[in-house]
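User: I'd like to go through this fold piece by piece. Can we start with the sheet?

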Amino acid sequence: MSKSQTYEIISLCKGMSCTLNGSEEVHDELELEIEKRALSDKIEIVESCCKGMCEEGPNATLLISGEQKNGIEVDKVKKIIDEIENCLF
Ligand code: FES
C-alpha cells in the first residue's frame, strides 16, 4: 500500500446493533491509538447511523480511501490504524 493521502475519516457505526456489539469500546480504543501516535490532525472519527450490515458489526467506513471495515474488535484497532498510517504522507 503506497502513501497516497493526507487525511482519513473513520465513520464508525453507532447504530443499535453495532453499539450492542462493542462500537463504543472500539471508538475509545481508536481514540486512544490515534492520540498515542499523535495522529489527531490526520485521522478523524465520526459517528454514523446504521450502515445496513448489522450482522457484520461493529462496522466502519474509511471515507477517504473508501475501505469498509467489518467485525471490528478492540484488538483489531491497532492494525486498522497501522493501515491508515501507512497510507498517510
Ligand atoms: S447498527 Fe451498525 S450496521 Fe446496523
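User: In which sense do strand 1 and strand 2 pair?

Analyst: This is a predicted model, where local features need pLDDT of at least 70, side-chain atom pairs count only at pLDDT 80 or more, and totals for chains, interfaces and linings use all residues. Residues are numbered from 1 along each chain as its sequence is written. Strands here are DSSP E runs of at least two residues and helices are H or I runs of at least four, numbered from the N terminus; two strands pair if DSSP finds at least two bridges between them. Strand 1 and strand 2 share 6 bridges, and the sense is parallel.

User: What is the strand order in the open sheet?

Analyst: The sheet has 4 strands with mixed pairing. Strand 2 and strand 4 (68–69) are its edges, each pairing on one side only. The order is 2-1-3-4.

User: Which residue in strand 2 is the bridge partner of Leu12?

Analyst: Contact means that C-beta atoms, placed from the backbone, lie within 7 Å. Beyond its neighbours within four places in sequence, Leu12 has contacts including Val26, Ile45 and Ala60. Its bridge partner in strand 2 is Glu47.

User: Which helix gives the most to the largest nonpolar core?

Analyst: A nonpolar core is a set of buried Ala, Val, Leu, Ile, Met, Phe, Trp, Tyr and Cys residues joined through C-beta atoms within 7 Å. Buried means 20 or more other C-beta atoms within 10 Å of a residue's own, exposed means 12 or fewer, and partly exposed is in between. The largest core has 14 residues, with Leu12, Val26 and Leu30 among those with the most contacts inside it. Strand 1 (8–13), helix 2 (23–36) and helix 3 (77–87) each supply at least two residues, and the top giver, with 4 residues, is helix 3.

User: At about what angle does helix 2 run to strand 1?

Analyst: Buried residues of helix 2, including Ser23, His27 and Ile34, pack against strand 1, helix 1 (16–20), strand 2 and helix 3. Axes are lines fitted to C-alpha atoms, for helices over the stretch in contact, and angles between N-to-C directions run from 0 to 180 degrees. Helix 2 lies across strand 1 and strand 2, and its angle to strand 1 is about 160 degrees.

User: Is Cys54 buried or exposed, or somewhere in between?

Analyst: Cys54 sits in the loop between strand 2 (43–48) and strand 3 (60–62). Leaving aside neighbours within four places in sequence, Cys54 touches Gly15, Ser17 and Cys18. Because 16 other C-beta atoms lie within 10 Å, Cys54 counts as partly exposed.

Methods
Two residues are in contact if their C-beta atoms, placed from the backbone, lie within 7 Å.
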